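Hi there,

Here is the model I promised to pass along. Have a look at it first, and my notes come after.

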Amino acid sequence: MLKYSVQNKADAGTHALPFQVTGQENVLSTLIIPASESEGRIVIEASLAWENPLLNWDIGELDIRLRRNDGQGPVLDWLQDSCYQEGFAELRYEETVEQTAPYVYCLTVQSADRRAVVTGPLVIQGSVYEDSVDENPDGT
């Protein structure tokens with residue numbers, strides 16, 4: 001059962017989008033699950049639209065990482081996406097936590113030779129689920 005949800009979203013042409021991705025890893029968005037809501041199964045889902053800025057038909061490349069705490073924190077999940085013109089990348093991470101503490105997730109991007117521009121939309125959502133315990137599973 002869903003007990004808490006939070007979402008950060010940036011539509012195309014809003015905030016800092018489009019964003020030229022460089023060879024240096026940059027934080028795109030940070031998501032915080034407060035301590036009062038953190039116990040249970042946490043699911044983080046991120047998606048972003050991007051394009052290859054190179055006009056010579058070389059493949060664009062985008063590294064996306066989900067990190068704990070900040071842009072230098074431990075990598076929780078990672079994916080590399082590539083495209084000729086436009087791409088759409090999705091990342092999903094799940095963990096079960098028993099410790100009541102704030103959980104901070106950072107979505108970062110990096111692209112060698114500046115082969116990616118995040119155009120948007122960009123969405124990162126965190127959901128916390130309670131594990132429902134059926135105290136009477138046999139129905140008696």
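Below is what I found, starting with the chain and ending with its largest pocket.

This is a predicted model, in which local features need pLDDT of at least 70 and side-chain atom pairs count only at pLDDT 80 or more, while totals for chains, interfaces and linings use all residues. Residues are numbered from 1 along each chain as its sequence is written, and side-chain values use heavy atoms, with hydrogens and water left out.

The chain has 9 strands and 0 helices, where strands are DSSP runs of E with at least two residues, helices are runs of H or I with at least four, and both are numbered from the N terminus. Along the principal axes, its C-alpha atoms fill a box of roughly 70 × 30 × 25 Å. Of the 140 residues, 42% are buried (under 20% relative accessible area with a 1.4 Å probe, protein chains only).

Now the largest pocket, an open set of points on a 1 Å grid over the protein atoms alone, where a 1.4 Å probe fits, with protein on both sides within 12 Å along at least five of seven lines. It holds about 170 Å³ of space, a volume being the space filled by probe spheres set on the points. Lining residues have an atom within 4 Å of a point; among them are H15, F19 and L122. β1 (2-10) and β3 (26-33) each contribute at least two residues to this lining.

Best wishes

Notes: Buried means under 20% relative accessible area, exposed over 50%, partly exposed in between (1.4 Å probe, protein chains only).
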